[in-house]
Structure formats: structure tokens, C-alpha cells
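Reader: I'd love a close look at one small part of this model, and then a sense of what lies around it. Could you walk me through it?

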Amino acid sequence: MKALHDGDVKVFIGMGGNFVRAVPDPAYTAEGMAQCSLTVHVSTKLNRSHLTHGARALILPCLARTERDETGYGLQRQSCEDAMSNVQLSLGKRRPASDQLLSEPAILAGIARATLPGSATPWERYAVDYDAIRDVMAKVLPGFEGFNKVVRGKYGFRIPQPARERDFRTPSGRAEFCLADLPNVVPDDDQTIVLQTIRSHDQWNTTIYTNDDRYRGVKNIREIVFMHADDMAERGISWGGAIDLVSTSKDGSKRTARGFRAVSYDLPRGVRRATCPS
């Protein structure tokens, strides 16, 4: 991000995601993106980052994982890792939105071949046969041995994680922790309260599926700040009252997020939590 902002990076290529909105400082990142000569987004759907671009911009629509991906090697299956490190095959069944859509592997392989025309890597094969990609992954990634076979098991397979098995590969053979000194960034102001952000239900990273959060009984709104009832009362904030969030920092920087609503919730005094609206 610093290199973008300093003008040292002239081309940005993003595979999915909502890069500008997902980083801690969207304004800083947007300024950097605007300095690019070319920005490219490979995406299944539009998002805010597509509107923050360089001198020239490309949006390359691609096949979604739910769409049929059929090549000369048959119907292709993507291998996907879930939050629990389980890897399974995903087979798209929907009719593609357009017969001109390419898959992500096909787009990447095409870029690679155009950039490295003399490369010995079989990019054309990778674009149409995902088993060929998995065969190479099996050679270089620990725990992926026999990838194409184990991923076709009933439940796929789980990526090995030594720490999960309490296999600590340290000199002592035990988990080792260290403590780093951190600067005190909390303002000396008892009227300032701590903000924590959480991911709400029906949200995956920056993708919002509905405006409801059934975990906390909220419906039809995402821009919510949960506060202790006493903290609200001290500040004259009513339930559902409109509030703005203003940051405070010892380096003098300030950012503001507007248009939130306050809701009382069972939290410690001096702490408030905000859902992630975008």
C-alpha cells in the first residue's frame, strides 16, 4: 500500500476481493490506486474497489464457483478450503451468465503466457485441467501429498496443522510465547471509549448477504454500534439514536464514520462494538 501511495507501483491486479474497502485505511489506499497506470480486477460481482482505479482500468468478469466450468477435459472442479482447514471439491451447476466468461485459472494462465511467452510451464494445460494444477501442488505443499486422490474422499481432507496436534516444532518441543513492548496509544481521556469491530451474521469478509444479524437480534440494518446502556445514558444517546464515530490518535490523525445507530447490549462499560457494514 505504501508503494502504491508513493507511486512506485504502476500496475495493480486483484483476484476477487474488495481491496480498497477491506484495508484499514481506505482513503490512503484509494489515493495510491489512483496513481496507477493500470488497475485490473478479476471478479464475479461489482464492488466499491472497481470504482477506485488508475489512469486505465479493466474489470474482467469470470466464472463464479457456482457456474458450470466445462473444458475439453470435462467439467472442472475447484478445490476449496473452509474455515476449519477442510479441503473439498466444488462443482458448479448453474448455467454461466455468459458463454464468453473465462475461469480464474484461464485468465491467470493467459496473463502468464502473454507475459512469459518462452516459459516451459504448461499454462495452457492448467487453464483447462485443474487436476494438473493439483498434481503440482501435491509436489510442493506439505500435507497435500496425493492431492487429487484425497480431495475426492467423502469429506475431502484436512490440511495438517502441527500446532492443532500439539506438535510444537521448537527447541523445547513445547509452545513458546514472547512478549513485545507496545506503545500506549490509548488517549488520556476518560470520555473516550474503546471501539471493537466484529463480523456480523450473513457476512463473509466484505460481502454482505442480508441486512440482518440473527446472532444479536438485529434486523434490516448493518450500521449498528452496540453500547452499554449506562454509557449511552451518560452521553444522552437514546436506543436507536444516530451517532458518528470519530477516531482519536496520539499522532493527530482523525477519521470519521457517519450514519450509525446506537443499540444497548450486554457489554462492559467503556466498550462499544460496531458491526462491519461494508
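Author: Happily! Let's start with the side chain of Asn47: one of its polar atoms lies 2.9 Å from the backbone nitrogen of Ser49. Please keep in mind that this is a predicted model, and that the distance is computed from it. Asn47 sits in the loop that links strand 2 (38–43) to strand 3 (56–61). If we set aside neighbours within four places in sequence, Asn47 is in contact with Gly17 and Asn18.

The strands on either side of that loop bring us to a sheet. Here 3 strands are arranged as an open sheet in the order 1-2-3, with parallel pairing. Why is one side of strand 1 (11–15) and of strand 3 left without a neighbour in the sheet? Both stand at the edges with a single partner strand each, so nothing in the sheet flanks their other side. On average, neighbouring strands of this sheet are turned by 10° against each other, direction ignored. Strand 1 pairs with strand 2 in the parallel sense over 5 bridges, and Gly14 is found opposite His41 of strand 2.

Now for the nonpolar cores, elsewhere on our tour. The largest has 9 residues: Ile193, Val225, Met227, Met232, Ile237, Ile243, Leu245, Phe260 and Ala262. At least two residues of this core come from each of strand 12 (224–227), strand 13 (242–246) and strand 14 (256–264). Another core, of 7 residues, lies apart from it and includes Val87, Ala138, Val151 and Phe157. As a general point, nonpolar side chains tend to be buried together in soluble globular proteins.

Definitions and conventions: Residues numbered from 1 in each chain as written. Predicted model: local features only at pLDDT ≥ 70, side-chain atom pairs only at ≥ 80, totals over all residues. Heavy atoms only, no water. Helix = DSSP H or I, 4+ residues; strand = E, 2+ residues; numbered from the N terminus. Polar contact = N/O pair within 3.5 Å; in protein donor to acceptor, adjacent residues only side chain to side chain. Contact = heavy atoms within 4.5 Å. Core = buried A, V, L, I, M, F, W, Y, C linked by side-chain atoms within 4.5 Å. Buried < 20%, exposed > 50% of the residue type's maximum accessible area, 1.4 Å probe, protein only. Pairing = 2+ DSSP bridges. Axes fitted to C-alpha atoms, helices over the stretch in contact; angles between N-to-C directions.
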